[in-house]
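Student: Could you walk me through one part of this structure up close? I'd like to see how the aromatic rings sit and what surrounds them.

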Amino acid sequence: MIASALRAEIERCTRTIRSSNPLFSSALDGTIPSRAPSAPRALAPLLDLLDREARDRTAAHLAHRAFFLYLAAENGLPWMRMVEQRCGIPRETLAFLGRAQDECRNGVEEALDSLDVLVSDPAQLPVLRSQLRELIGHFDRLCEEVARARVDIHVSAA
């Protein structure tokens with residue numbers, strides 16, 4: 001039950017990312033921003049959240065894994081690797097994505113199945129949704145900052 005509800009949340013968020021994430025749209029139109037010369041400010045909060053959840057092995061960690069795996073399965077691993085590179089996300093942070101989209105699809109199922117085993121109380125669903133939305137918010141802010149950095153750079157010939 002928890003997994004089904006979170007799957008719906010992940011699917012909805014992924015559709016939103018496809019329609020509004022600036023790195024997704026720039027990949028489609030060939031205007032992918034280069035990597036920022038310094039780490040984006042929005043990177044640290046995302047990495048802190050992912051590191052904390054990975055260390056604690058909480059249900060949120062499984063939900064976060066399922067989100068990134070689903071994102072890679074739907075948008076392709078090349079797109080996810082581009083996001084890692086452009087945003088400065090260390091490769092080991094999302095190493096669980098593997099090498100193929102089929103691995104990602106299988107990983108989504110494994111993460112959600114594990115979540116159902118770990119969490120049986122439906123009262124936990126609002127908390128998990130909130131934690132998932134927090135992660136996605138951090139991810140969105142990071143992508144927006146990286147996309148905007150390319151636009152905000154001004155070169156003067158003076």
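Tutor: Here is a look at the aromatic rings, then the core around them, and then a few buried residues.

A quick word on the ground rules. This is a predicted model, where local features need pLDDT of at least 70, side-chain atom pairs count only at pLDDT 80 or more, and totals for chains, interfaces and linings use all residues. Numbering starts from 1 along each chain as its sequence is written, and side-chain values use heavy atoms, with hydrogens and water left out.

Let's start with the rings. Rings of Phe, Tyr and Trp (its six-membered ring) pair if their centres lie within 6.5 Å; planes under 30 degrees apart are stacked, over 60 edge-to-face, and the rest tilted. By that rule there are 3 aromatic pairs. In one of them, Phe67 and Phe139 have ring centres 6.1 Å apart and planes at 75°, so the pair is edge-to-face. This pair links distant parts of the chain, since Phe67 lies in helix H4 (residues 59-75) and Phe139 in helix H7 (residues 125-152), 72 residues apart. Helices here are DSSP runs (H or I, at least four residues), numbered from the N terminus. Both Phe67 and Phe139 are buried, where buried means under 20% relative accessible area, exposed over 50%, and partly exposed in between (1.4 Å probe, protein chains only).

Phe68 pairs with Phe139 too, edge-to-face, at 5.6 Å centre to centre and 85° between the planes. Phe68 is in H4 and Phe139 in H7, so this pair ties together parts 71 residues apart in sequence. Phe68 and Phe139 are both buried. Put the three together and Phe67, Phe68 and Phe139 make one aromatic cluster.

What else does Phe67 touch? Setting aside neighbours within four places in sequence, Phe67 contacts Ile10, Thr14, Ile17, Leu132, Leu135, Ile136 and Phe139, with contact meaning heavy atoms within 4.5 Å.

Now zoom out to the core. A nonpolar core is a set of buried Ala, Val, Leu, Ile, Met, Phe, Trp, Tyr and Cys residues joined through side-chain atoms within 4.5 Å. The largest one has 51 residues, and those with the most contacts inside it include Phe67, Phe68 and Phe139. Helix H1 (2-20), helix H2 (22-29), helix H3 (43-56), H4, H5, helix H6 (101-118) and H7 each give two or more residues to this core. H4 gives the most, with 11 residues.

Some charged-type side chains are tucked away as well. Glu9, found in helix H1, counts as buried at 6% relative accessibility. Leaving out neighbours within four places in sequence, Glu9 is in contact with Arg129, Leu132 and Arg133. Glu84 lies in helix H5 (residues 77-87) and is buried at 3% relative accessibility. Beyond residues up to four places away in sequence, Glu84 touches Ile89, Pro90, Arg91 and Leu94.

Last, the cysteines. The whole structure has 0 disulfides, a disulfide being a pair of cysteine sulfur atoms within 2.5 Å. The sulfur of Cys143 is 4.5 Å from the closest cysteine sulfur, in Cys87, which is too far for a bond. Cys143 is buried, at 0% relative accessibility, and Cys13 is buried with a relative accessible area of 7%.
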